[in-house]
Amino acid sequence: MALSGLFLISFLSLHFFINMVSVFSADSFNAMSHFMGYNPLIQFVMQPVLIAGVVFHFVMGFVLELKNRNARPISYVKYNGAANASWASRNMIISGVVVLAFLGLHMYDFWFAEMNYKYIAVNTINETRYYEELVHKFESPVRTGLYCIAFVLLSLHLWHGFNSSFQSVGFANKYAKALHKLGYAFAIVIPFGFIFIALFHHFNHI
Amino acid sequence: MALDSKVPSGSISDKWTNYKDHINLVNPANKRNIDIIVVGTGLAGGSAAATLAELGYNVKTFCFQDSPRRAHSIAAQGGINAAKNYQGDGDSTFRLFYDTIKGGDYRSREANVHRLAEVSTNIIDQCVMQGVPLAREYGGLLDNRSFGGTLVARTFYAKGQTGQQLLLGAYSAMNRQIGRGKIKPHNRHEMLDLVVVDGKARGIIARDLVTGEIERHSAHAVVIASGGYGNVFFLSTYAMGSNATAAWKIHKKGAFFANPCYTQIHPTCIPVSGEHQSKLTLMSESLRNDGRIWVPAKLEDAQAIREGKKKPADLSEEDRDYYLERRYPSFGNLVPRDVASRAAKERCDAGFGVNKTGEAVYLDFASAIQRYGKEQAYIKGLDANNTKLIIDLGAAVVANKYGNLFQMYEKIVDEDPYKTPMMIYPAVHYTMGGTWVDYNLQTTIPGCFSIGESNFSDHGANRLGASALMQGLADGYFVLPYTIGDYLAPDIKTGTISTDLPEFVEAEKKVKDQIEKFINNNGTHSVDYFHKKLGKIMWDKVGMARNAKGLTEAIEEIAALREEFYKDVKVPGTADSFNQELEKAGRVADFLELGELFAKDALHRNESCGGHFREEYQSEDGEAQRDDENFAYVAAWEYKGKPSDAVLHKEPLVFENIKLVTRSYK
Amino acid sequence: MKLTLQIWRQKNAKAEGKIVEYPIDGIEEDMSFLEMLDVLNEQLINKGDEPVSFDHDCREGICGSCSLFINGEAHGPDRGIPTCQLHMRMFKDGDTIFIEPFRAAAFPVIKDLVVDRSAFDRIQHAGGFVSVNTSGNPVDANTIPIPKHDADRAFDAATCIGCGACVATCKNSSAMLFVAAKVSQYALLPQGRVEATDRVLNMVAQMDAEGFGNCTNTGACEVECPKGISLDYIAQMNREYLSASIKG
């Protein structure tokens, strides 16, 4: 869980960086997107690895949840989980499922369309179409709203997940405190940054 | 029957070495044909079981707790003594030997105590090798503190949890042998009788406390390590389950019971708060290193404090009576436990007690906090005149030393001991008396051994602080494994003992009959009702100060209470299930007999020594007065059907190496 | 103080259990929680009912016998103590208190509030020791100096009382804190270092075999641990485990 999680965190950072560029410069965004879309290393090595990472992460998540539920066949009549652990840490399965559902929508919105464009319909290469597609997607207030909700849940997922991953690989030394703070900052900055991007495009280009 | 202590001849410092060199050994290949039962898995039982299994014997352990790790040795706080002389303050085997004999008020057997002092250093080596995290100094070497009744710092410790750490060490050694299949643990089991075949201990009858099943277990030797009998007082620092049943059952089968009246009342416990109280909590003696004990010097102040009109901090230095420092200038707050306890009782009886019930004195850390605070300020180059800073720095030092004890106190009493002095009062804590054993730790039943607190041997009439852990581990790791081999050597061809022998059948039947009787008794009072009544008689008349009149009354009252108990006790539930009331009934039945013998022993001993204080025998300034001419012996009682019929056997105590003098801590 | 107790009653391991309500009166603030249960039991016995079974022994917070899940928390609402040191001043007149056994597949109920925690013992049999015989002539205890910092950290890990609150409180019934405390204690000391690789692999394997859940780092165990054992030890064990797995 931890290793795949850390891998997804690094992917998320990259994704965030590229999207953020869209706020400042449509051209740079197009250039980057084009590189990501047509570089063979990215397309045929990194992309399958990423997909495998995502699938592994959520399949393991469900397996873990199931095993852990079986470890307590009779549950408590009264269980005050809030007394000793954060909501985020206790409900990774909920935030995880929401993020997974969002991922479905997200893949449908961008990835399927992209795959269709490149490999099925085999359209010609257009190095400047990406920014427009992006802006177009965020015209719908419903979609933008769904994205925002999902990002809040992603934030909660990261709030626990970031530090939990480091704990699981045994990171505990004098830098751990600083890392914890970084983890919380990451869990806020990245998802809310995504929300900002979504709202930015939603309101700026109608 | 004459008691033979089997002390080897020769000079005191060579006895143990010579003895080990000449005893019979069992060949390693034969050890696997020999079974040993160990009852009790505290420091003594756990360490013995592990060591015997390492040697190759087949060991079965029994404990009533759900895991050996929960034995009450775990609650020992302060430390363990060893004559390592790491501090270079002049300690030696002889000094530890001398201090222990003197601390025991010259009522222990010289040869045993010397052996204890000799092996004390091995214990520390062994425990460190096992990974026991004893306290260390910044240089990485082991730290020591000093304890009551000694003039050197020889106590090794692990904060206030020394017993826990040492027990977990012994438990880990057991785990290793359990993993190898050499120890078969029987947890949640209680021994209910000893089986004697042809005069030798050959097994036990035990009850599986979960299923209620009565089981027979055979062995070539039985080791009793079931601890002390302090719960005869109901309120004590013992665990709720601590009991004398194993020790009492072997007594009834022929093992003599020695010096039952030697009981330690520990001076620093949290006072009783009300009727509902179920147990008393100890505050480690190590606190007396830094805490100063006092009561108000004026009766009116004491009264005002009791009524809540004054606070301890309101009293100026001259209005306080640091009575231990006043009475015993050379040892001060570090006098032995019996002396400190009696002094507290004396002040409270005189009307100077400081809690609602008038049965508490102060243990004050204010001056230690000041002293440490100034020390720290000096070291760190901070302002030594800043009162708040000094208190904070000092409190931090105190917290580092005793943090867990202070926290425990605050949880129980709801007062912050960093700000206001602790209130303490003596409570029953340890029993020096117990099953009589010879130098081999064997009882008067061949093949039945008794180790740790359950025997009587090393502490005389009073035990010094940090010596119980030492004795438990000495017996278990370093003494019994040798001496039991000497006994077992002729048994290598005996083969497995059958549990179908008539002696097993008979013992099992008796156990079952008693259980049936309890279950079907349908009386009107719970077991605790009787236990509390017994405890009150014991505390009032056989407690810290005793006299002939009270003891005579106690004997009669206990006998009457016992009769009432059998007639009127109510034990709910069934025999063939988990039944905690049934467990308690059996234990209290034994306490009701032991308590009477206890009082009888106290009545016969017409002297004051150590933990046994007879009001008739005291000096003008209230110190204990021994009678060496008439009472320098071990009183070993033989069971004859009733405690009142018990027959006294005397083992004279011969002191060849230490001169008997009046114990003085002034 | 007047209270309403909602207590789990279960005749034996195989029987069905249920919550039974017991009103109780005359409870004083200075009583410990277990003394409050003593009062209830005395009343039940006098009425001819079976008293409530619960594990307890030293009643001074060190033996680890007492358990109890009180109002949804292991050892109740107070911190840094097991149930035996919980006092009734933590509750108010008129409160309803739920008292349940520690629950986990690896901790089956024996009766009422008593559970079987022998899984912890079996984990220790698998490696919770340093393989040293009692010989009477090992090296002097001061031959190997141990940095005070390491000795203190080993001690802090070793203060675990094996009560099982970590498992009981964990939403996953994970025993990681318990196992980590033992693994870390030995891993931090030179005496225990020798067997560190086998120890962590064996103990973790046994932990999994006992049916405990997996750690998801919620940190609830650390909060509820009566001895305040730190999550850092879990990180330490994870590290030990990773490097042991690589070494094989």
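This is a short walk through a few parts of a predicted model, from chain C to its meeting with chain A and on to a site in chain B.

Let us start with chain C. It is built with nine helices and seven strands, and its C-alpha trace spans about 60 × 35 × 35 Å along the principal axes. Of the 248 residues in chain C, 60% are buried. Sequence positions that are far apart also come together here: among contacts in chain C with a separation of 6 or more, 70% are between residues 24 or more positions apart.

To see some of the strands at work, look at the beginning of chain C. Strand S1 of chain C covers residues 3-9, and seven bridges join it to strand S2, residues 18-24, with the two running antiparallel. One place to check this by eye is C:Leu3, which stands opposite C:Ile24 in S2(C). S1(C) has another partner as well: with strand S5 of chain C, residues 96-100, it pairs in the parallel sense over four bridges. Here you can look for C:Gln6, whose bridge partner in S5(C) is C:Phe98. As you follow these strands, keep in mind that in a regular strand the side chains alternate between the two faces of the sheet.

Now turn to where chain C meets chain A. On this interface, 27 residues of chain A are in contact with 33 residues of chain C. Which elements of chain A give two or more residues to the side that touches chain C? They are helix H3 (40-70), helix H4 (87-90) and helix H7 (141-168) of chain A. H3(A) gives the most, with four residues. Sorted by class, this side of chain A has 13 nonpolar, ten polar and four charged residues.

Our last stop is chain B. An unreviewed UniProt entry places the feature "domain: FAD-dependent oxidoreductase 2 FAD-binding" at residues 35-469 of this chain. That span is 33% helix and 18% strand, and its end C-alpha atoms lie 26 Å apart. The unreviewed UniProt entry also places the feature "active site" at B:Arg337. You will find B:Arg337 in helix H10 of chain B, residues 337-352.

Is B:Arg337 buried or exposed? It counts as buried because 27 other C-beta atoms lie within 10 Å, where 20 or more are needed. Leaving aside neighbours within four places in sequence, B:Arg337 is in contact with B:Gly148, B:Gln264, B:His266, B:Pro267, B:Glu285, B:Asn462 and B:Gly465.

Key. Residues numbered from 1 in each chain as written. Chains lettered and ligands numbered in written order. Predicted model: local features only at pLDDT ≥ 70, side-chain atom pairs only at ≥ 80, totals over all residues. UniProt positions renumbered as here; feature names shortened; annotations may be inferred. Contact = placed C-beta atoms within 7 Å. Nonpolar A, V, L, I, M, F, W, Y, C, P; charged D, E, K, R; others polar. Buried ≥ 20, exposed ≤ 12 C-beta atoms within 10 Å, placed from the backbone. Pairing = 2+ DSSP bridges.
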